[in-house]
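Me: I'd like to go through this model with you, one short question at a time. Could you show me the sequence and structure, so we can start?

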Amino acid sequence: MSPLTLISVALLAAGSSVGAFAPPAAVSKVTYLSASASSNNDEITRRSAMFTLAGLTASPLLFPALPASARLEGVNKPELLPSEKGLNVIQVEKFLTKGQEKRLNDLLTKLEADTGYKVRVLCQAYPRTPGLAIRDYWSLGREGDDDKYIVLVVDEFGGKGNVLNFNVGDGMKFALPNVFWTRLSSKYGTTFFVKENGIDLAITNAIEAIVSCLRSEEQYCVNVPDMGMSMKSLGM
């Protein structure tokens, strides 16, 4: 399998500025991934210290400046993967009830069957995460694939950052462009929203918004759909 090429796009909240290290509360994160690779892009990836999938969204723009010895490192722990194959929702950290987990898993199974879009959810508490091992479990970024997938990585990072982080296949960037992810994470992923409504609602609202967009006639969204979406719009 060819190494993944990562195109990191930091989504900065209003009033924040691009710096070498931005405070985590000011930033959400979307990473586009494709199966193509080049030596130049590999070098850029190494210089930016970006982790692929689930140590996953860690980048210099996501975390505050730390001593070199304290900075986050990549993780690869296949032992944290579930024994059951084919799950769309994996909870290493339990943010969802069993009922919520099953509902989302069924919702995403039907979405993939009807549209071909893969949407996955990983709930973690870094460094307690399967990390890179999740790529093989979900068969993501393989050469020859259409890269029509989205991975939502949910991590509270000690209550200091946006809990919603997205890794998006290169085949999705025209259906759901950068501005959509900025608005989605700003609406549901903030510490204020989580404190007022709970992290489980942040996850379910975000996934339902994505599913509604991908099931729309246009299969395209810039704005986040309003809540109260019908079961029909979710394909149920």
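Me: At 26% relative accessibility, does glutamate 112 count as buried, partly exposed or exposed?

Reply: Happy to start there, with a word on ground rules: this is a predicted model, in which local features need pLDDT of at least 70, side-chain atom pairs count only at pLDDT 80 or more, and totals for chains, interfaces and linings use all residues. Residues are numbered from 1 along each chain as its sequence is written, while side-chain values use heavy atoms, with hydrogens and water left out. Buried means under 20% relative accessible area, exposed over 50% and partly exposed in between (1.4 Å probe, protein chains only). At 26%, glutamate 112 therefore counts as partly exposed.

Me: Which residue forms a salt bridge with glutamate 112?

Reply: A salt bridge here is a side-chain nitrogen of Lys or Arg within 4 Å of a carboxyl oxygen of Asp or Glu. For glutamate 112, the closest N and O atoms of the pair are 2.8 Å apart. The partner has a relative accessibility of 6%, so it counts as buried. That partner is arginine 120.

Me: How many salt bridges are there by this rule?

Reply: Some of them join up: Lys110, Asp114 and Arg215 are linked in a network of salt bridges. The count by this rule comes to seven.

Me: What percentage of the 236 residues count as buried?

Reply: Let's set the overall scene first: the protein has six helices and six strands, taken as DSSP runs numbered from the N terminus (helices H or I, at least four residues; strands E, at least two). Read along the sequence, they follow the pattern β-β-α-β-α-β-α-β-β-α-α-α. Of the 236 residues, the buried share is 48%.

Me: How many residues apart are arginine 103 and glutamate 208?

Reply: These two form a salt bridge whose closest N and O atoms are 2.7 Å apart. The pair links distant parts of the chain, with arginine 103 in helix H2 and glutamate 208 in helix H6 (residues 199-215). Arginine 103 is partly exposed at 31%, whereas glutamate 208 is buried at 11%. Along the chain, their separation is 105 residues.

Me: At what angle do the axes of H2 and H6 cross?

Reply: Two packed helices are described by the angle between their axes and the distance between the axes. Here axes are lines fitted to C-alpha atoms, for helices over the stretch in contact, and angles run from 0 to 180 degrees between N-to-C directions. The axes of H2 and H6 come within 11 Å, and they cross at roughly 15 degrees.

Me: Why do H2 and H6 count as roughly parallel?

Reply: Angles under 35 degrees count as roughly parallel, over 145 as roughly antiparallel, 65 to 115 as roughly perpendicular and the rest as oblique. H2 is roughly parallel to H6 because their axes cross at roughly 15 degrees.

Me: Where is the glutamate that meets arginine 128 in a salt bridge?

Reply: Arginine 128 pairs with glutamate 93 at 3.7 Å, N to O. The pair links distant parts of the chain, 35 residues apart, and arginine 128 sits in the loop between E4 and H3. Both side chains belong to partly exposed residues, arginine 128 at 42% and glutamate 93 at 28%. Glutamate 93 lies in the loop between strand E3 (89-91) and helix H2 (98-115).

Me: Which residue does a cis peptide bond join to tyrosine 126?

Reply: The partner's place is in the loop between strand E4 (118-123) and helix H3 (133-137). Omega for the bond is about 10 degrees, and the residue joined to tyrosine 126 is proline 127.

Me: What does the side chain of glutamine 124 make a polar contact with?

Reply: Glutamine 124 is found in the loop between E4 and H3, and it is buried at 2% relative accessible area. A polar contact is a pair of N or O atoms within 3.5 Å; within protein, one must be able to donate a hydrogen and the other to accept it, and residues adjacent in sequence count only if both atoms are side-chain atoms. At 3.0 Å, glutamine 124 contacts the side chain of aspartate 155.

Me: Is the disulfide of cysteine 213 and cysteine 221 left-handed or right-handed?

Reply: A search of the whole structure finds one disulfide, meaning a pair of cysteine sulfur atoms within 2.5 Å. The sulfur atoms of cysteine 213 and cysteine 221 are 2.1 Å apart, and both residues are buried. The torsion about their S-S bond is about -100 degrees, so the disulfide is left-handed.
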